[in-house]
Amino acid sequence: MARAKAETSNSLKISWLKKQGYFPKGESWRSGNVTWTLGMSENKSSIGIDITAGMTEEENYIRLHYTYTDYWTKEKSDMNYKIQLETTPCHFGGVRYWFICPLSKNGQYCGRRVGVIYNIGKWFGCRHCGDIAYQAQFEGGNFRMGSVTEPDVEKAFSEAKTHYYNGKPTRKYKRYLRLRQKMNNSWIRAASRFGNIF
Ligand SMILES: [Zn+2]
């Protein structure tokens, strides 16, 4: 099917998929490919999409195939990510499709019915989960997008008791400055990812 460029760099909308013809009337199986530019890295990512629709509720789903590259470690993971779809009746006949957010945090499944899913680090999920991920990055929570957290930076700062010695920054102070820089870069990167939803 159509090879298309997503209209935004970090989200996937049901309305957009519909416009691309992924939800024809009746039972269907559609597959395609979307090329994305993720975050500030300008790296092109290709995401394969399979959609099964028009069946029973349990059998309606979208499957995303993509390779996730960790920003810091450059480690690659092949993702095969299934997201349940749900339908509600439309005013003018037919049905409207929704994503069911598959993410969970501390064992609690999200399950929100949403029209848009966002790229959240390695995963895709709803805006609410994106919000949690964004916060957690600075609290050392489960969703950590970088290898450095705010507490790490604060610890480094408290360990650097002397900042300058003979007019030069001390080793521990330099370490703090390095972590601070990394954290700031991570902040900018995350903000660019989630910039349009907050
Ligand atoms: Zn969610």
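**Close-up views of I83 and strand β11**

**View 1. Contacts around I83.** Leaving aside residues up to four places away in sequence, I83 touches Y61, I62, F99, I100, P102, I117 and F124. In this predicted model, I83 lies in strand β6, which spans residues 76-89. The residue is classed as partly exposed because 19 other C-beta atoms lie within 10 Å, whereas 20 or more would be needed for it to count as buried.

**View 2. I83 and C101.** Although I83 and C101 are 18 residues apart along the chain, their C-alpha atoms are separated by 7.0 Å. The neighbours of C101 in sequence, I100 and P102, are among the residues that I83 touches.

**View 3. Strand β11 and its surroundings.** Strand β11 covers residues 116-120, and four of its five residues are buried, so the strand is largely enclosed by the rest of the structure. Strand β2, residues 11-13, runs antiparallel to β11 and is joined to it by three bridges; within this pairing, S11 has Y118 as its bridge partner.

**View 4. The hairpin of β11 and β12.** Strand β12, residues 123-125, pairs with β11 in the antiparallel sense over three bridges, and here Y118 stands opposite G125. Y118 is thus shared by two pairings, being the partner of S11 and standing opposite G125 in β12. The two strands β11 and β12 form a hairpin with two residues between them, and G121 in the turn has a positive phi of about 55°.

Notes:
Residues are numbered from 1 along each chain as its sequence is written. This is a predicted model: local features need pLDDT of at least 70, side-chain atom pairs count only at pLDDT 80 or more; totals for chains, interfaces and linings use all residues. A residue is buried if 20 or more other C-beta atoms lie within 10 Å of its own, exposed if 12 or fewer, and partly exposed in between; C-beta atoms are placed from the backbone. Two residues are in contact if their C-beta atoms, placed from the backbone, lie within 7 Å. Two strands pair if DSSP finds at least two bridges between them.
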